[in-house]
Amino acid sequence: MSGTALSILVLDDDDAVRESFADFFEDRGHRVLQASSAEDALVTIQTANADAAVVDIRLSGMDGMDFIRRAAMLRPRLACVVVTGSSAFEMPADLAGMQAVSPKVFAKPVTALHELDAELKRLAGEIAGGEKAE
Amino acid sequence: MKWFFHFHSGIYLSVPVLLFILIPAAFPLQHSQNTTPPDPAFVSMGTLSSLYSFNNDPSGTLSNPDFFSWEEVLLPGNSFGYLDQDRAFYIKKNLFVLLFLTVLLVAGMSAFWQRKTRNKLRKTAEHLKTTLTSIGDAVIATDSKGRITCINPVAEKLTGWSATEAVGKHIAEVFIIVKADTREPAFNPVARALADGITVGLANHTVLIAKDGSEYQIADSAAPIRDQKGSVTGVVMVFRDVSEEYSIQAKLRFNEDRLRKTLLAANDGMWDWNLLSGEVYFDPRYYQMAGYEVDEFAYRLDEFQNRVHPDDVERVMENAQQHLQGVLDRFHVEFRFRKKDGSWMWILGRGVIVERDQNGTPLRFIGTHTDISERKQIELQLIQNADFNTALLNAIPTPVFFKDREGRYQGCNRAFTEIMGVTPEDLRGKTVSQLWPSEHAEVYHKKDIELMENPQHQVYEFKIRDKDGTLRPVIYAKDVFRDHAGEIAGLVGAFLDISEQEHAKEELRSLQNYLANIIDSMPSMLVGVDPEGTITQWNAEAQRQTGIPVEEAVGRPMERIIPQFADELDRIKSAIRNRQMQTDLKRRTRQGNETRYQDVTVYPLIANGVEGAVVRVDDVTERVQLEEMMVQSEKMLSVGGLAAGMAHEINNPLGGMIQTASVMKDRLIDRTMEANLKAAGEAGISLDAIAVYMEKRKIIEMVDRIRKSGSRAAEIVQNMLSFARKSDSTRSSHNLAELLDQSVDLAGSDYDLKKKYDFRKIEIIRKYDEPLPLVPCEAGKIQQVFLNILRNGAEAMHEKKEDLNQNEAYSPRFSLRLAREESAGRIRIEIEDNGPGMDKETLKRVFDPFFTTKPTDRGTGLGLSVSYFIITENHGGEMSVVSNPGEGTTFMMRLPVKDGRNG
């Protein structure tokens with residue numbers, strides 16, 4: 001098992017899905033922060049350190065994309081991976097251009113959770129590495 | 001008495017002189033007939049005596065006949081009969097003179113006889129006798145008792161009595177006379193001369209009957225012979241044969257009568273202007289023809305002038321004056337003359353000078369008046385008609401010309417002059433060959449002759465060369481005209497310039513062609529019909545669709561030519577009646593296995609004078625099919641749309657389920673996970689023991705089953721979403737291999753299919769070229785195509801399997817091939833099954849919409865046609881099928897790598 005433990009924010013309004021992600025990441029040794037709305041998530045990332053975020057798109061209130069835009073201003077180094085149940089989702093251009101946003105979009109249900117874990121680690125490592133290089 | 005002696009003393013000289021004068025004078029005709037005019041003195045005297053007798057003659061006309069010949073007056077230009085007119089005058093005058101002198105002579109002789117000596121007397125008597133014998137007149141002398149004493153040879157000849165027979169006989173015995181008209185005995189002048197002692201003048205109309213019975217018209221007279229005492233001692237009678245003279249007079253009377261009647265019949269009046277006296281005689285007819293009583297106005301020139309129309313009188317008198325002056329050889333003038341009732345009559349006045357004195361000064365001017373009112377009226381009418389005709393001809397804008405019988409132009413109208421540039425004067429008398437180019441003239445001439453030979457209205461087309469040299473096509477129309485005798489007198493022709501008509505015709509023709517081309521180029525069947533339903537128009541498409549050529553269709557009843565449209569007749573009639581378009585949309589007809597749809601539109605013809613309608617038939621089968629496809633498509637899309645809406649809601653619970661199951665499995669079997677070890681330690685059990693337990697209770701299997709079921713549910717949703725993912729507006733590049741595989745998966749989850757057999761039992765052989773370029777397409781639609789082909793193939797293979805015996809080995813198989821066709825920039829997709837295949841008949845129609853081999857409760861027959869439509873129409877690709885019965889079927893599709901969408 002890789003020794004890199006991350007602090008991961010799971011943003012999803014479906015409790016079962018959010019809990020399953022949280023359980024999975026905790027089992028993998030990560031610290032998990034949970035939020036069922038984008039508004040809560042924004043508060044969380046300001047009060048607690050988070051390295052990465054799993055972001056659902058369709059949310060009541062602010063949607064996942066706006067969350068990413070705000071989060072990018074508050075915590076530019078937060079690695080974001082989109083997980084959505086919506087079939088019609090296409091990554092908006094402004095988000096696709098962000099280094100902190102994964103080009104890989106995971107569709108619910110996520111049958112290969114380890115791939116999600118790997119992408120989070122890769123992206124977070126990439127961001128951290130870039131920072132060190134500076 | 002003294003005078004008497006004096007007379008006697010000169011008688012010897014006088015008698016011969018007198019005789020010399022008298023004898024030729026008494027018989028002028030013998031000497032001067034047809035020679036020179038007589039001495040003007042005689043003419044003058046004759047004229048006066050004639051006028052005298054004329055004026056005193058109670059009959060008014062009878063005593064004037066010897067004046068001149070009327071015929072010669074009426075036939076101007078001849079010389080006048082001076083000799084004839086004067087002949088009678090000479091005779092009369094000379095008779096008087098002769099008689100007078102003879103009486104003197106005889107009286108003288110008688111006295112002399114008594115006085116002179118016998119000898120001398122005898123000598124004288126001889127002399128006298130010779131004279132008497134020589135004299136041209138008959139002389140008979142009697143004694144106082146009437147006995148003949150002397151008879152000269154002329155008298156002998158006329159009476160037929162010789163002197164020896166006659167002398168001593170009583171005069172009544174020898175000289176037998178009767179009245180010419182009554183044949184009654186005429187009074188014997190001798191008797192009267194004896195009885196009354198007077199000279200008895202000439203008696204006219206007396207006929208002497210000679211001894212031998214022959215008769216002579218004679219003029220006789222008798223004078224008493226007195227002695228010295230004055231007693232009547234005898235009578236000397238002189239007579240002469242006037243038969244000739246009489247017959248001339250009779251002839252004159254006849255002529256006179258004839259003249260009178262002629263004038264009467266001719267309605268002519270006569271006037272006679274004495275230029276010396278100024279008196280103008282008007283004859284009765286002159287008065288009557290103008291409605292006046294005879295002699296109602298005086299014989300004066302001013303009476304005539306007053307009755308001539310004021311506008312004409314000057315002209316009339318001028319004409320008369322010119323004749324009198326010798327400028328005109330005759331007086332000839334037409335003028336209006338006032339009738340008694342005040343109205344005007346037209347008169348033709350004619351006349352000539354008939355007498356002049358020796359200086360040539362006119363003395364007498366005679367002529368006639370002819371009533372020409374009727375002729376004048378006709379003449380005026382003719383002038384008006386001629387003027388009218390000229391105006392009419394000139395008013396006509398059509399060129400008109402006329403020719404005589406020989407084909408010589410006689411004239412033309414203004415329009416002719418304007419076009420041909422020749423005036424009536426230019427062409428009058430000329431022939432066509434003198435006027436026009438020979439190649440035209442020949443035809444004109446030929447046609448003229450034809451018309452003359454067959455005088456019926458002639459019409460023909462030819463050409464003219466106008467004044468500018470332009471050749472113009474024309475239509476000629478000609479007719480002959482006839483003279484009063486009904487003989488052809490010439491021809492009248494007209495021509496019409498039809499250049500513009502020809503031009504218009506040409507334009508019309510090209511317009512017709514143009515319209516016909518348009519109509520024939522129309523993709524619709526167009527059938528023109530009249531109100532009775534008879535076909536009037538049949539375009540190329542109608543011919544193509546029905547196979548009936550236009551010649552067979554036009555003019556025949558529509559219901560016979562196209563019986564399938566018989567039920568449209570009511571619609572056609574209604575359209576014509578109401579002048580409203582009528583439509584019958586999506587009319588359904590069955591042609592063999594195939595259902596065809598037609599839109600029938602009936603347009604009433606609303607142009608003036610054209611009754612009927614145009615029936616337009618459009619085959620809209622394809623459109624209807626497309627509409628059906630659209631409906632189908634819409635259905636699918638709505639399924640897709642529904643799936644899209646549902647997908648998120650389903651995916652979340654599926655996520656909760658599957659992901660939780662994954663985490664659960666990790667927690668149950670991962671013996672390295674610290675949280676697991678820690679929890680197991682706290683529970684006092686080892687992970688190994690848990691693993692044994694789970695093994696025994698198949699917990700892990702159950703968790704996996706949960707995950708798989710969830711995953712399958714997720715896949716179904718995913719596939720359903722593929723219908724919706726590509727809306728019409730979006731098209732993106734796809735990997736055909738992925739799409740094909742997804743379609744295979746989808747077919748496997750097809751509930752209808754699975755009910756019968758498991759699609760997953762079909763062997764799938766894939767042969768995909770690597771790498772495959774992405775293809776721009778609507779994935780949902782392409783998948784729909786694949787799915788349809790797979791489903792059909794699967795069903796066919798299933799049927800084949802069911803048809804086979806259990807023993808026979810058969811394993812259904814799909815071969816899926818994807819190949820690059822680089823040169824064409826396409827990818828070829830082949831889906832081959834090993835099913836029963838199709839016969840040629842089916843193969844030909846497999847893409848036809850609604851064509852299906854399946855029972856009606858299954859399948860719409862749209863599937864393959866929609867597929868065909870999607871590949872060819874939506875994606876600009878190609879689709880075909882190859883099959884042989886028993887050998888399976890291969891569908892081949894080609895999709896362009898570049899966007900092949902139209903537009």
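Over how many bridges do strand β26 and strand β28 of chain B pair, and in which sense? Strand β26 (residues 826-833) and strand β28 (residues 889-896) of chain B pair over eight bridges, in the antiparallel sense. Here two strands count as paired if DSSP finds at least two bridges between them, and the elements themselves are DSSP runs numbered from the N terminus, with helices being H or I of at least four residues and strands E of at least two. Within this pairing, B:Glu832 has B:Thr890 of β28(B) opposite.

Before the picture grows, a word on the model. This is a predicted model in which local features need pLDDT of at least 70 and side-chain atom pairs count only at pLDDT 80 or more, while totals for chains, interfaces and linings use all residues. Residues are numbered from 1 along each chain as its sequence is written, chains are lettered from A and ligands numbered from 1 in the order in which they are written, and side-chain values use heavy atoms, with hydrogens and water left out.

The pair just described belongs to an open sheet of five strands in chain B, with the order β23-β25-β26-β28-β27 and mixed pairing. β23 (763-768) and β27 (878-883) of chain B are the edge strands, and each has a single partner, so one side of each is left without a neighbour in the sheet. From one strand to the next, the twist averages 15°. Helix α30 (residues 736-748) of chain B lies across β23, β25 (813-821), β26 and β28 of chain B, and runs at about 175° to β23(B). Such angles run from 0 to 180 degrees between N-to-C directions, with axes fitted as lines to C-alpha atoms, for helices over the stretch in contact; contact means heavy atoms within 4.5 Å.

Chain B also holds an open sheet of five strands in the order β13-β12-β16-β15-β14, with antiparallel pairing. Its edges are β13 (409-412) and β14 (458-465) of chain B, each with a single partner strand, so one side of each is left without a neighbour in the sheet. Neighbouring strands are turned by 30° against each other on average, direction ignored. Inside this sheet, β12 (residues 400-404) and β16 (residues 488-497) of chain B pair in the antiparallel sense over five bridges, and B:Phe401 stands opposite B:Gly493 in β16(B). Helix α20 (residues 438-453) of chain B lies across β12, β14, β15 (471-482) and β16 of chain B, at about 160° to β14(B).

Where the two chains meet, 23 residues of chain B and 19 residues of chain A take part in the contact. Together the chains bury about 1800 Å², 51% of it on carbon and sulfur atoms, where buried area is the accessible area (1.4 Å probe) that two parts lose on being put together, summed over both. B:His648, B:Asn652 and B:Gln659 supply 35% of the area that chain B buries against chain A, more than any other three residues.

Four salt bridges cross this interface, each being a side-chain nitrogen of Lys or Arg within 4 Å of a carboxyl oxygen of Asp or Glu. In one of them, B:Glu649 joins A:Arg58, with the closest N and O atoms 3.7 Å apart. On the side of chain B that touches chain A, the largest share, 17 residues, comes from α26(B).
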